[in-house]
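Hi,

Here's the structure I said I'd pass on. Have a look at it first, then read my notes underneath.

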Amino acid sequence: GRIHKAGDDRERGRRRVGAAAMAALPPPPRRLWESGSRDEWRAALVTETKAAAHLAKNVKAKQKLPSRNARFYSWTPKAGDGVTRADLVKLMEWKLTRGKMRPLMRFIVALDEQEVVESTKEGLAMVPADDEAGLDLNALSRSVERISELKGVGPATASALLSRYNPRLFPFMSDEVLVVAGNRERKHTLKRYLQLAEEVAAKARETGMAADEVERAIWASTVLNGT
């Protein structure tokens with residue numbers, strides 16, 4: 001009897017640990033996207049640090065993700081200023097560490113410094129630095145096109161820059177949010193980014209979050225749920 005009781009106790013313990021681990025996970029990304037619960041979204045966003053640490057521990061190429069996240073999210077390009085090539089290199093380091101490795105860095109390091117400053121200064125000036133004006137897709141389109149004139153910089157990289165310039169309005173175009181929002185097409189095109197910006201803006205209004213936070217919550221949910 002005692003042996004069976006000890007075995008039953010161990011099994012119940014394992015179940016409790018498993019249930020606690022599941023409870024600590026955010027909802028799977030597609031279910032989170034469909035949720036209108038502000039509490040669920042906030043709880044998912046809080047797990048972003050945990051998700052980055054998980055990748056850093058388990059994927060060699062992502063060991064620097066926590067420190068690069070901290071650097072990236074504390075950076076705010078200033079209205080009226082362009083960004084430097086060094087800034088763009090750091091942005092690309094973050095983007096390639098967080099997402100998929102692509103052979104883009106060689107283009108960024110070869111860019112002309114003045115060209116980088118001018119393209120980003122003009123591109124950022126086309127959109128508001130605050131959210132009072134709301135989302136203007138025509139202005140956003142012109143901004144992304146201007147920034148994307150730099151070799152090696154496409155709409156996804158431009159979106160990363162815009163997400164730091166005005167996190168309230170502009171999300172980063174990550175694969176993780178592309179495959180849950182709207183038509184779920186994973187296309188890194190300007191047309192798809194404009195759709196995504198609208199879709200994320202609606203979700204941000206529903207949940208009381210910034211557009212940037214919506215994307216980050218979905219990313220954390222995707223990583224921690226292994227999807």
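Below is what turned up, starting with a pair of helices. Keep in mind that this is a predicted model.

The pair is α9 (residues 137–147) and α12 (residues 190–207), whose axes come within 10 Å and cross at roughly 135 degrees. That angle makes α9 oblique to α12, because only values over 145 would count as roughly antiparallel. The crossing of α9 past α12 is right-handed. If you want to find the contact on screen, look for L137, L140, S141, V144 and E145 on the α9 side, which meet L190, Y193, L194, A197 and E198 on the α12 side. Sorted by type, the residues of this contact are seven nonpolar, one polar and two charged.

Next, the inside. In soluble globular proteins, nonpolar side chains tend to be buried together. Here the largest nonpolar core has 53 residues, and the members that touch the most others are W33, W41, L140, L162 and L196. Helix α12 is the top contributor to this core, giving seven residues. Try clicking on L162: leaving aside residues up to four places away in sequence, L162 touches L124, V127, L140, S143, V144, I147, P167 and F170. There's also another core that lies apart from the largest one, made of eight residues, including A51, L65, W219 and A220.

One last stop is G36, which sits in the loop between α2 (29–34) and α3 (38–46). Is G36 buried or exposed? Partly exposed, as its relative accessible area is 38%. The C-alpha atoms of G36 and G208 are 9.9 Å apart, although 172 residues separate the two along the chain.

Cheers

How values were computed:
Residues numbered from 1 in each chain as written. Predicted model: local features only at pLDDT ≥ 70, side-chain atom pairs only at ≥ 80, totals over all residues. Heavy atoms only, no water. Axes fitted to C-alpha atoms, helices over the stretch in contact; angles between N-to-C directions. Helix = DSSP H or I, 4+ residues; strand = E, 2+ residues; numbered from the N terminus. Parallel < 35°, antiparallel > 145°, perpendicular 65-115°, else oblique. Left-handed = near helix turned anticlockwise from the far one by under 90°. Contact = heavy atoms within 4.5 Å. Nonpolar A, V, L, I, M, F, W, Y, C, P; charged D, E, K, R; others polar. Core = buried A, V, L, I, M, F, W, Y, C linked by side-chain atoms within 4.5 Å. Buried < 20%, exposed > 50% of the residue type's maximum accessible area, 1.4 Å probe, protein only.
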